[in-house]
Amino acid sequence: MCGIIGIVGTSTVTERLVDGLKRLEYRGYDSSGVAVLDGGKLIRQRAEGKIKGLVAKLATDHVDGQIGIAHTRWATHGVPNETNAHPHFSGRVGVVHNGIIENFLDIRKELSHRDFRTETDTEVVSHLVDEALSQGLAPKEAFSQSLKKLKGAYAFGVIIDDHPDHIYCARAGSPLALGIGEDEMYLGSDAMALAQLTTKLIYLEEGDWAILTPTSYEIYDVDDNKVERDITILTGGPAMAEKGNYRHFMLKEMYEQPETIGRTLSNYIDEYRLSANVPAELDFSEFDRVIIIACGTACYAGMVAKYWFEQVAGLAVDVDIASEFRYRKPVISPKSLFIAVSQSGETADTLAALRYCKEAGVKTAALVNVMTSTMAREADIALPINAGPEIGVASTKAFTSQLTALASLALAAGTARGMISEDDQKRMATALIKTPRHVKQALRLDKDIEAMAFEFSKSKSAFYLGRGSQVPIAFEGALKLKEISYIHAEGYAAGELKHGPIALIEDGTPVIVLAPYDRLFEKTISNLQEVASRGAHIILITDKEGASHAESMADNMIVLPTSDSFVAPIITTVAVQLLAYHTAVHLGTDVDQPRNLAKSVTVE
Ligand code: F6R
């Protein structure tokens, strides 16, 4: 899940490579580096930490040339220091790599006569190519033969000393796009990296490798046959998301939610008929089961959808985290609909699960934010959420848009399967249409939540409780808190606490209870009392009606606008997002780029 970019052209490249890296920084920010051929000779600059460190080094010790490769790293093998930063050099060869070379130890053994200088898996690639060159092979053969020895996931860019007009690149398991320019060619991990350079892209297919010169590109498939791949024209321009007046991207993205949810709805809800619209290929009467696979926050969206599909459409749903599903030999009924949920559309495990289900012959859909992503291209049906670029590593607006889209799909399924009356269909569609307004009202609680977060930020750990479709929001609230404030937190189904975790409650332990006034309200409040009577500090997230019933039982209350219980999980999400955000800000953490994380997880 590193980011790579390369340019081969006729003018200097370093500034543009670094600009591309900034667009890729969401993929990792442990270290970065750039390598160019200057007078045919490989030189590089690398720095530990974020790209601004590389920029500072380049300001005093600039490297430049008309061909170059660059990298921003999320460390897998080897600590994130400068030595392990890419590009790696071995002899005549420089390489940048995104992915994991699984057989790197075997290759290191095979090449034990060579001088390995890093702890990375990637270094074997530059050694393999250099070894082949020193045995007399031409660069093209040296590169293609080296590829045959690799196992694992990769997207590479390779440049070679005294071979100034060529970049070699390849992909297997990790995404890679080629860009076509005027007397220039590019490679990049995603469309965004190349958006300021060109609008003409080619997405390499699994196993493809390519040779780029300033005026040409050649693509070969996994069997070394020369192949043509479609050119995609990028729309939407090079604009990179800006923070504007917001202190963090995460805050901006939370505030965008009324608009982003509205955009999602415009894809799926007919405001005049008060019904759900889905692509014609998605005939829910065909399916006997839905399989939703995702990771992290996206998986919590899937868990909420399970409640919706079962209640609204009478359709059985399996939800699983992708890293488990793919190795479990799951039993898949031929009449299943598989839905991958992913903001990036590139998450390695989710993509593998999608491929597994495609091979099993079931219909596959990808609910994604990035419509140029691998999942969107490989699934039978690509379902957009249209939340716009999400830069903050902690997912916010993508999550509420995933929920909105999944609620709409459940509604469509309920109608197609004759499981809901027309009145119910209209009530639920209306509830969805009102969601942007309710989210806007929830955001007005920002200042109150900020004040509450001050005390909360002194906590060592916290619990989030909910019932029904609020359980996954309890998980999501705990995850948001953990990832940006580094406070330990756990989400639990409220009824489950007394089966063990309640032993952890002591005087002052913060417990955030998600309890909109619905059919489970009283049961959740009973669980609230169980922890309150053991000294927990209760933050109750509810609505007006809930507040009037439970005011005396909470130490703090967040009173959200009253919404239909169908969409309530979307509204409570806003409160847990704001609570995590302000807690992190009080603690002074790096909210947009929390430690150890990356936005897009393209390795297992
Ligand atoms: C948490 C978060 C992650 C992602 C997960 C899946 O805030 O963002 O848990 O949800 O890594 O990523 P995507 O949705 O890109 O597949």
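The following paragraphs go through the sheets, helices and nonpolar cores of this predicted model.

An open sheet of eight strands comes first. Its strand order is 3-2-4-1-10-9-11-15, and the pairing is antiparallel. Strand 3, residues 41-48, and strand 15, residues 232-233, are the edge strands, each with pairing on one side only. Within the sheet, strand 1 (residues 3-8) and strand 10 (residues 185-188) run antiparallel and are joined by four bridges. In this pair, Ile7 faces Tyr186 of strand 10, the two standing opposite each other.

Two helices belong with this sheet. Helix 1, residues 14-24, lies across strand 1, strand 2 (31-38), strand 4 (67-73) and strand 10. The direction of helix 1 is at about 155° to strand 1. Helix 2, residues 51-60, also packs on the sheet, where it touches strand 2, strand 3 and strand 4. Between the directions of helix 2 and strand 3 the angle is about 130°.

Strands 5, 6 and 7 are taken next. Strand 5 (residues 88-90) is joined to strand 6 by three bridges, and the two run antiparallel. They form a hairpin with two residues between them. Gly91, in the turn, has a positive phi of about 55°. Ser90 stands opposite Val93 in strand 6. Strand 6 also pairs with strand 7 (residues 152-160), again antiparallel, here through nine bridges. In that pairing Val96 is opposite Gly157 of strand 7.

How is strand 6 placed with respect to the rest of the structure? Strand 6 covers residues 93-101, and nine of its nine residues are buried, that is, under 20% relative accessible area. Strand 6 is therefore largely enclosed by the rest of the structure.

The nonpolar cores remain. The largest has 90 residues, and Phe284, Trp308, Phe309 and Tyr464 are those with the most contacts inside it. Both domain 2 (243-442) and domain 3 (444-591) contribute residues to this core, so the core lies between them. Phe309 can serve as a point of entry. Leaving aside residues up to four places away in sequence, Phe309 touches Phe284, Val290, Ile292, Gly314, Leu315, Val317, Leu406, Leu409, Ala410 and Ala413. Phe284 thus appears both among the residues with the most contacts inside the core and among the contacts of Phe309. Another core, of 27 residues, lies apart from the largest one and includes Ile107, Leu128, Ala142 and Phe156.

Terms used
Residues numbered from 1 in each chain as written. Predicted model: local features only at pLDDT ≥ 70, side-chain atom pairs only at ≥ 80, totals over all residues. Heavy atoms only, no water. Core = buried A, V, L, I, M, F, W, Y, C linked by side-chain atoms within 4.5 Å. Buried < 20%, exposed > 50% of the residue type's maximum accessible area, 1.4 Å probe, protein only. Domains from an automatic or database assignment. Contact = heavy atoms within 4.5 Å. Pairing = 2+ DSSP bridges. Axes fitted to C-alpha atoms, helices over the stretch in contact; angles between N-to-C directions.
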